Amino acid sequence: MRDLSEPILKKLAGDVTYRRGLDYFKSGAVEEIRIKGNIISATVMGSMPYQVKLRLSNQGVDGSCDCPASDGMDFCKHCVATALVYLQQKTELDSLSQGDGNERITACLMQMDKPQLIKEIMTIIEHDPHLEKLWLQKADRAVGNVDPKILKK
């Protein structure tokens, strides 16, 4: 699979679109990024939420977005922003993968999707009564089910 880089993004998008995508990246407009194999998908908040899909291959990267500007163009600003988030996460994962035990575990967890993480955490919690009690308290606080008598204790 060919590497993705900022110079490649600039070439794909052009200078103006790249700079606009960089602004989206810096503002945190990319939400819900998902990486599955060689497919990167994300929701990017523009004037409305846009769905982006990038496909990495030996030939390079293909981008698609459901924004109006993407019609007839391969790489819009939303694709650029998504690719920049991917590059940032990849750099962080590469660094963590070379670190100590906790950093390598963090790298592993970062690569899991949300359902996988939930399943792993639930397995751990179910086997530890202390953790289960702690997480029940967190869950109750999160949904507003906190008994005021318990808080006083």
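Let's start at C65: setting aside neighbours within four places in sequence, this cysteine is in contact with Y50, Q51, V52, S70, C76, H78 and C79. Bear in mind as you look around that this is a predicted model.

C65 is found in strand 4, which covers residues 60–65. With a relative accessibility of 14%, C65 counts as buried. For a sense of distance, pick out I121, which is 56 residues away from C65 along the chain. The C-alpha atoms of these two residues are separated by 34 Å.

**The cysteines**

With C76 and C79 both touching C65, you might wonder about bonds between sulfurs. How many disulfides does the structure hold? The count is zero. Take C67, which is in no disulfide: its nearest cysteine sulfur belongs to C65 and is 3.7 Å away. That gap misses the mark because a disulfide needs the two sulfur atoms within 2.5 Å. C79 is in no disulfide either, and the nearest cysteine sulfur, the one on C76, is 3.9 Å from it.

Is C79 buried or exposed? C79 is buried, since its relative accessible area is 0%. C67 counts as buried too, at 5% relative accessibility.

**Two helices side by side**

Now for helix 1 (residues 6–13) and helix 3 (residues 77–97). Two packed helices are described by the angle between their axes and the distance between the axes. Here the axes come within 11 Å and cross at roughly 170°. That crossing makes helix 1 roughly antiparallel to helix 3, because angles over 145 degrees get that description. Which residues meet? On the helix 1 side they are E6, L9 and A13, and on the helix 3 side V80, A83, L84 and L87.

Helix 3 is also the place of T82. T82 is buried, with a relative accessible area of 0%. Leaving out neighbours within four places in sequence, T82 is in contact with V30, I33, I40, A42, V44, V52 and L54. V52 may ring a bell, as it is also on the contact list of C65.

**An odd backbone angle**

E32 sits in strand 1, residues 30–36. What is its phi? E32 has a positive phi of about 50°, although it is not a glycine. Most residues other than glycine have a negative phi, so a positive one deserves a look. E32 is exposed, with a relative accessible area of 55%.

**Around helix 6**

Further along the chain comes helix 6, residues 129–143, where D140 lies. D140 counts as partly exposed, at 31% relative accessibility. Not counting residues up to four places away in sequence, D140 touches N145 and V146.

N145 itself is found in the loop between helix 6 and helix 7 (148–152). Its relative accessibility is 52%, so N145 counts as exposed. N145 and T91 are 54 residues apart along the chain, and their C-alpha atoms are separated by 40 Å.

On side chains, the charged end of K138 sits over the ring of W135, 4.7 Å from the ring's centre. As for aromatic pairs, the structure holds zero.

**Some residues, buried and exposed**

| Residue | Relative accessible area | Class |
|---|---|---|
| C79 | 0% | buried |
| T82 | 0% | buried |
| C67 | 5% | buried |
| C65 | 14% | buried |
| D140 | 31% | partly exposed |
| N145 | 52% | exposed |
| E32 | 55% | exposed |

Notes: Residues numbered from 1 in each chain as written. Predicted model: local features only at pLDDT ≥ 70, side-chain atom pairs only at ≥ 80, totals over all residues. Heavy atoms only, no water. Buried < 20%, exposed > 50% of the residue type's maximum accessible area, 1.4 Å probe, protein only. Phe/Tyr/Trp six-rings, centres within 6.5 Å; stacked < 30°, edge-to-face > 60°. Lys NZ or Arg CZ within 6 Å of the ring centre and 35° of its normal. Axes fitted to C-alpha atoms, helices over the stretch in contact; angles between N-to-C directions. Helix = DSSP H or I, 4+ residues; strand = E, 2+ residues; numbered from the N terminus. Parallel < 35°, antiparallel > 145°, perpendicular 65-115°, else oblique. Contact = heavy atoms within 4.5 Å.
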